[in-house]
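Let's take a friendly walk through this structure together. Have a look at it first, and then we can go from its interior outwards to a helix and a loop.

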Amino acid sequence: MSANKSIEEIEDLKDLVDEDLVKEMAGKIKSEMPAKEEKDGEEITNPYHIAQRLIERATKTLDLQEGVYDILKKPKRVMKVSIPVRRDNGDVVNYTGIRAQHTDILGPTKGGVRFHSNVNEDEVIALSMWMSLKTAIVGIPFGGGKGGIIVDPEDLSEREIEELSRGFIRELEPIMGPEKDIPAPDVNTSPKIMGWMLDEFDRLRGHNVPGFITGKPLIIGGSEGRVEATGRGVVITIREAARRLDLDLSKMTAVIQGFGNVGSITAKYLEESGVKVIGVTDAKGGVYNANGLNIKELIDYVNEKGTVKGFPDSEHLSNDDLFSLECDILVPAALENQITGNNADSIKAKIVAEAANGPTTPQGNEILEKKGVFVIPDILCNAGGVTVSYFEWVQNAMHYSWKEKEVMEKLEEKMKEAFKAVYDMRDAKDVKMREAAYLVGVGRLAKGMIARGWIKNWEMPIDC
């Protein structure tokens with residue numbers, strides 16, 4: 001065979017290979033590998049790998065059977081769908097939606113839907129894994145789910161967003177429902193969007209199914225207190241941390257990265273607790289006032305202007321400046337990978353309360369722990385949202401509604417119990433709060449596996 005003939009045959013084989021398929025398969029193989037640095041000293045920023053690494057560590061600390069990690073290291077199901085939307089100008093654009101269902105060991109999967117241009121499969125899977133741990137930590141009968149659409153919602157009209165929202169439900173309806181998988185709001189989604197999604201699901205089923213989705217408007221089965229739930233939960237955990245650290249909230253200052261629903265509600269309740277909020281940033285800018293920002297006026301300003309930037313009686317503040325400010329409490333309430341090996345050492349806060357999901361990389365976390373910063377990990381800190389979503393789901397099943405006072409009392413009880421469980425684990429195992437939270441979450445998931453008969457002849461070495 002001549003050299004030229006061999007080259008021609010190789011070129012023919014190349015034509016038969018679907019390069020996109022090869023890339024997708026390679027990505028799946030990589031994502032199922034143990035999470036570790038690709039190079040010594042390189043920072044891990046892939047949220048899926050971060051979640052895997054922490055879960056693996058917890059299973060080893062608890063001396064669990066190897067099969068437990070094999071089950072928890074990847075999702076039970078991931079579905080990617082195409083959602084064609086006719087734009088207002090007549091063009092049709094095909095958007096990609098993703099839904100991950102991590103595990104239903106403790107109950108139907110549960111988790112938000114985000115609209116963001118940076119949504120990707122690994123992110124959605126990681127978020128579903130964190131949701132499994134959150135629900136286990138707060139002791140509610142849900143598994144972990146998460147969804148997202150790759151889109152910049154600011155580029156779409158309201159009609160286009162509605163069509164996109166309804167299309168997402170049409171494509172995923174077979175794997176969703178109040179006993180299967182229950183969506184909720186997340187980044188760039190709202191009660192209005194949940195209402196559209198519920199309506200589409202009801203049309204497909206031919207009857208009302210209010211328990212299909214949470215975070216919806218009150219008039220169609222939403223719960224009192226759901227909009228404020230995540231921010232309230234964040235402040236409850238901050239209050240519990242301050243009490244154990246013997247700190248007086250009325251003498252403390254806070255800075256907040258992100259001023260959407262979670263960040264703004266957190267700021268509001270921190271101010272009501274006596275904390276002086278001195279700095280806030282969002283995607284468009286930031287503001288600082290050493291004497292404290294007026295949070296009510298700032299929320300009104302953001303509702304009008306769409307950003308904190310330019311708020312009267314304040315100085316400009318960059319994101320980098322916010323992390324290095326002298327303060328007592330730092331609340332990252334934006335996206336993943338904000339506190340890293342590059343900026344963690346500049347943080348001066350005594351408490352970092354992770355209102356966002358995955359805001360701290362492993363390298364950043366290690367630096368914070370060495371500095372003695374008390375970290376309230378995301379899977380504990382921001383679990384208030386899914387807790388009140390559970391209350392909404394229960395109310396829908398009962399065909400009954402609770403007053404806001406009752407909802408908030410139940411939320412307070414759940415968050416305090418969850419904080420105590422993690423803090424007690426921290427002391428019992430002599431570890432930091434993040435590892436303690438994973439030990440509690442993974443331990444309770446393992447208990448579910450024992451109850452289902454998945455694990456034989458094994459006893460929990462410590463109460464979770």
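**Starting from the core**

In this predicted model, the largest nonpolar core holds 99 residues, and those touching the most other members are Ile238, Leu270, Val280, Leu298, Ile329, Val331 and Ile376. Helix 5 supplies the largest share of this core, with eleven residues. Apart from this core lies another one of 25 residues, including Phe115, Leu164, Phe168 and Trp196. In soluble globular proteins, nonpolar side chains tend to be buried together.

To see one core member's surroundings, find Val331. Leaving aside residues up to four places away in sequence, Val331 touches Val234, Ile238, Val255, Ile256, Gln257, Thr266, Leu270, Ala353 and Ala355.

Next, turn to helix 15, which runs over residues 404–429. At 1.5 Å a residue, its 26 residues should span 38 Å, and the end C-alpha atoms are 37 Å apart, so the two values agree. Its buried residues include Val407, Leu411, Lys414, Phe419 and Tyr423. What do the buried residues of helix 15 pack against? Their partners are helix 5, helix 8, strand 13, helix 13, helix 14 and helix 16. Just after helix 15 comes Asp430, with a positive phi of about 55°.

Finally, look for Gly222 in the loop between helix 7 and helix 8. Is Gly222 buried or exposed? Its relative accessibility is 10%, so Gly222 counts as buried. Beyond residues up to four places away in sequence, Gly222 touches Lys216, Pro217 and Glu392. Gly222 and Trp393 are 171 residues apart in sequence, yet their C-alpha atoms are 8.8 Å apart in space.

Conventions:
Residues are numbered from 1 along each chain as its sequence is written. This is a predicted model: local features need pLDDT of at least 70, side-chain atom pairs count only at pLDDT 80 or more; totals for chains, interfaces and linings use all residues. Side-chain values use heavy atoms; hydrogens and water are left out. Helices (H or I, at least four residues) and strands (E, at least two) are DSSP runs, numbered from the N terminus. Buried means under 20% relative accessible area, exposed over 50%, partly exposed in between (1.4 Å probe, protein chains only). Contact means heavy atoms within 4.5 Å. The expected span of a helix is 1.5 Å times one less than its number of residues. A nonpolar core is a set of buried Ala, Val, Leu, Ile, Met, Phe, Trp, Tyr and Cys residues joined through side-chain atoms within 4.5 Å.
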